[in-house]
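Notebook open, model loaded. I'm jotting down what I look up as I go.

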Amino acid sequence: MRRKSTWRLIGALLTLIASAVYILCMVYLQKPQGVPFYTAVALLAVGALWVALEGILLHRNFWGYISQMDAALNDAAQISPKELPIPVAVLSDAREVLWYNDRFSKLIAKDENCHGRSIQHIIPLDFRKLLESGACTMHNDSGFYRVYYNEHQCKGQKLILLCFQDFSVEQEYRNLFENSRLCVLHIMADNYDDLINGLKAGERAALTANLELLIDSTFSSYRGISCPLGQDHFIVMIEAQHFRTLQEKKFPILDAARKILVGGKKALTLSIGVGCNGESFAENDLFARQSLDMAMGRGGDQAAVKTRSGFDFFGGVSKAVEHRSKTRYRYVAKALQEIIEENDRVLIMGHRFTDLDAVGAAVGIAYLAQQLSTPANIAIHVEATLAAPLVMRLQKECESLLITPEDALALCDEHTVLVIVDTVNKELLESKELYRKAKHIVVIDHHRKMANCIDDMTLLLHDPQASSAAELVTEMLAYLELHKDLPVLYAEALLAGIMLDTKNFVMQTGVHTFEAAALLRECGADPTVVKALFAATMSAYRQRSRMVVDAELHRHSAITVAREECPDIQIIASQTADELLGIEGVDASFVIYPNRGASCISARSLGKMNVQVIMEQLGGGGHQTMAAVQCKDCSPTELRIKLIGVLDALASAEQTIDTEALTKG
């Protein structure tokens with residue numbers, strides 16, 4: 001009908017135009033008479049009438065068509081939103097559901113009546129993210145959805161439109177990809193060389209076979225493949241989905257390894273480094289090697305997992321066994337000597353609130369530099385040190401040795417060596433600015449590594465089995481044969497550091513510790529003079545006694561909270577923690593005290609309990625038998641509650657492991 005009407009209108013227009021042109025031509029030729037002329041006039045009149053009639057008909061048809069289309073669109077507007085293939089909902093300004101379509105009812109609301117209900121009661125949506133970016137994701141039993149947010153104003157009322165896009169298939173392929181990615185594990189026996197020392201060939205072969213069988217049987221059940229890189233070093237590749245199961249079980253291979261005894265006495269322990277979630281397989285392998293270094297640097301018998309977001313640690317419950325290579329120490333000592341000789345100045349720095357171990361080790365390195373004719377200074381805040389008696393003696397007898405970190409920063413250039421002692425943690429340094437400026441960095445430490453450890457050093461001497469940093473420095477001096485002329489003050493400073501961290505040769509003391517102490521005694525160190533460096537004032541002794549009296553026993557841990565802050569509270573707290581270990585039935589002690597607007601814990605143990613693991617869960621760290629934490633967001637009483645929660649959680653986890661072991665047995 002519309003096509004015929006159009007052609008008729010065109011015919012009428014052509015008739016009108018043709019007759020008009022013919023009449024104009026006749027007038028122009030001055031022949032406006034005759035039959036042709038009157039015929040043209042008649043056609044012009046007919047054409048005009050025809051055009052008018054067709055215009056009237058077209059006008060009527062046009063408005064009829066508009067009316068018909070309007071009715072059709074109104075019907076579609078009422079039907080289409082209900083039948084949209086994606087879930088849609090309209091909310092009020094108060095986020096209450098005003099309207100929703102059939103797909104929303106079926107897939108999101110599960111056929112429940114949602115009118116007038118808050119959308120948060122139906123599905124949990126992150127409205128903060130919706131408002132910031134206009135979209136968020138959610139999932140339920142029917143699949144994964146990407147939710148889009150739009151606001152509209154209708155008659156002065158704010159309406160919210162939510163559209164749900166299903167990306168379940170995309171998520172399924174994403175999960176398949178993530179689950180099938182390979183994780184890399186590097187596994188190394190911590191004490192393999194010590195275990196095979198003195199064994200017969202058959203016993204060595206049996207130990208190696210047991211180790212290979214343990215690794216093969218463990219990872220074959222997780223559909224992993226293993227390959228030996230040496231007698232005590234293995235690489236394992238496992239899919240991410242199976243590794244997560246292994247991680248949830250907290251690496252039971254660590255417990256299984258400790259059941260392998262050599263000669264019925266020594267237990268085998270493993271260090272495991274894991275790399276996953278890297279951008280490539282090569283990056284995962286790099287992560288695994290770094291994790292293995294971290295696990296071994298923390299004392300072994302544990303697993304370290306590194307992803308792009310950081311480290312996680314598992315295990316580390318057994319006491320570290322002393323197994324140290326003199327060849328390695330001799331190599332590090334020679335390398336340090338060469339680094340010092342190649343540069344113009346040596347700056348030594350410890351951790352914040354330096355103690356006798358940090359100052360003693362720093363003094364030993366300063367003596368080493370002096371013997372190599374290289375100027376050396378120790379950067380220290382003398383007003384914020386826990387080794388005040390020793391620092392005062394050094395200021396009196398070695399006036400130019402101690403300088404402020406600000407002065408050290410001015411002396412530091414590209415030909416300066418910065419030696420960091422008694423810490424490997426970036427956050428605990430005496431001066432972060434000095435660390436950032438130094439080009440050549442040497443680290444000497446005995447604490448177990450943490451996630452934020454220094455990783456850009458030129459040379460590292462790190463041994464968590466050593467009693468103290470002072471012991472490590474003393475051994476280096478012995479290997480370089482520079483100890484013979486060691487001044488008495490320097491020898492006593494080193495001996496004080498060893499005595500502090502070993503609690504007078506009780507804690508973390510090995511054969512090398514006594515050898516280092518004997519060497520210092522040979523150099524003239526007087527234990528009586530060193531003991532005077534630990535003397536406390538009467539007020540400090542009374543404060544320590546009150547804290548011991550206030551202590552309470554929780555499981556096998558002694559916990560006490562200082563009543564108030566006082567001068568030298570850090571020294572008093574550490575001494576109190578040491579004293580509490582002498583109580584029968586106490587495996588670990590925790591002293592909580594306020595200090596400079598923060599709540600702190602000084603933790604000690606006899607080796608049965610790893611206080612480093614406990615302090616790490618509260619944001620701190622340290623050593624297996626000596627650790628600490630500082631919290632600025634809670635009071636000492638609140639920190640005590642958190643500590644008890646961590647202790648209870650660890651006790652519950654150990655009980656679960658023991659129950660599973662008995663069940664398997």
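In what order do the six strands of the open sheet run? I read it off as β20-β21-β22-β23-β25-β24, and the pairing is mixed. A reminder to myself before going on: this is a predicted model.

**Sheet edges and a hairpin pair.** I checked the edges next. β20 (552-554) and β24 (621-622) stand there, each with a single partner strand, so one side of each has no neighbour in the sheet. Then I looked at β22 (residues 588-595) and β23 (residues 598-605), which pair in the antiparallel sense over eight bridges. I also looked up Asn-595, and its bridge partner in β23 is Ala-598.

**Ala-628.** I found this residue in strand β25 (residues 626-631). Its relative accessible area is 37%, so I put it down as partly exposed. I also took the C-alpha distance from Ala-628 to Arg-604: 8.6 Å, with the two positions 24 residues apart along the chain.

**Helix α8.** Does the end-to-end distance of α8 agree or disagree with the span its residues should give? The helix has 20 residues (201-220), and at 1.5 Å a residue it should span 28 Å; I get 28 Å between the end C-alpha atoms, which agrees. Then burial: Leu-207, Thr-208, Leu-211, Leu-214, Ile-215, Thr-218 and Phe-219 are the buried ones I noted in α8. They cover an arc of only 120° around the axis, which puts them on the same side of α8. The spacing makes sense to me, because an α-helix has 3.6 residues a turn and residues three or four places apart point the same way. On the face turned away from the buried side I noted two exposed residues, Ala-201 and Leu-213.

**Helix α17.** This one reads otherwise on burial. Ten of the eleven residues of α17 (residues 469-479) are buried, so I wrote it down as largely enclosed by the rest of the structure. The buried list includes two glutamates, Glu-471 and Glu-475, along with Leu-472, Val-473 and Met-476. After the helix comes Glu-481, and I noted its positive phi, near 55°.

**Thr-502.** I looked here next, in helix α18 (residues 488-502). Thr-502 has a relative accessible area of 0%, so it is buried. What lies 2.9 Å from a polar atom of its side chain? I found the backbone nitrogen of Phe-505.

**Aromatics.** My count of aromatic pairs comes to eight. I picked Phe-127 and Tyr-149 to look at: the ring centres are 6.4 Å apart and the planes are at 90°, so the pair is edge-to-face. The pair links distant parts of the chain, with Phe-127 in helix α5 (residues 127-133) and Tyr-149 in strand β4 (residues 143-154), 22 residues apart. Buried or exposed, these two? Phe-127 is buried at 5% relative accessible area, and Tyr-149 counts as buried at 11%. I also noted a cluster in which ring pairs link Tyr-100, Phe-104 and Phe-164.

**Charges over rings.** Back to Phe-127 for one more entry: the charged end of Arg-95 sits over its ring, 4.0 Å from the centre. I wrote down another such case, with the charged end of Arg-146 over the ring of Phe-167, 4.3 Å from its centre.

Definitions and conventions
Residues numbered from 1 in each chain as written. Predicted model: local features only at pLDDT ≥ 70, side-chain atom pairs only at ≥ 80, totals over all residues. Heavy atoms only, no water. Helix = DSSP H or I, 4+ residues; strand = E, 2+ residues; numbered from the N terminus. Expected span 1.5 Å × (residues − 1). Buried < 20%, exposed > 50% of the residue type's maximum accessible area, 1.4 Å probe, protein only. Arc of directions from axis to C-beta. Phe/Tyr/Trp six-rings, centres within 6.5 Å; stacked < 30°, edge-to-face > 60°. Lys NZ or Arg CZ within 6 Å of the ring centre and 35° of its normal. Pairing = 2+ DSSP bridges. Polar contact = N/O pair within 3.5 Å; in protein donor to acceptor, adjacent residues only side chain to side chain.
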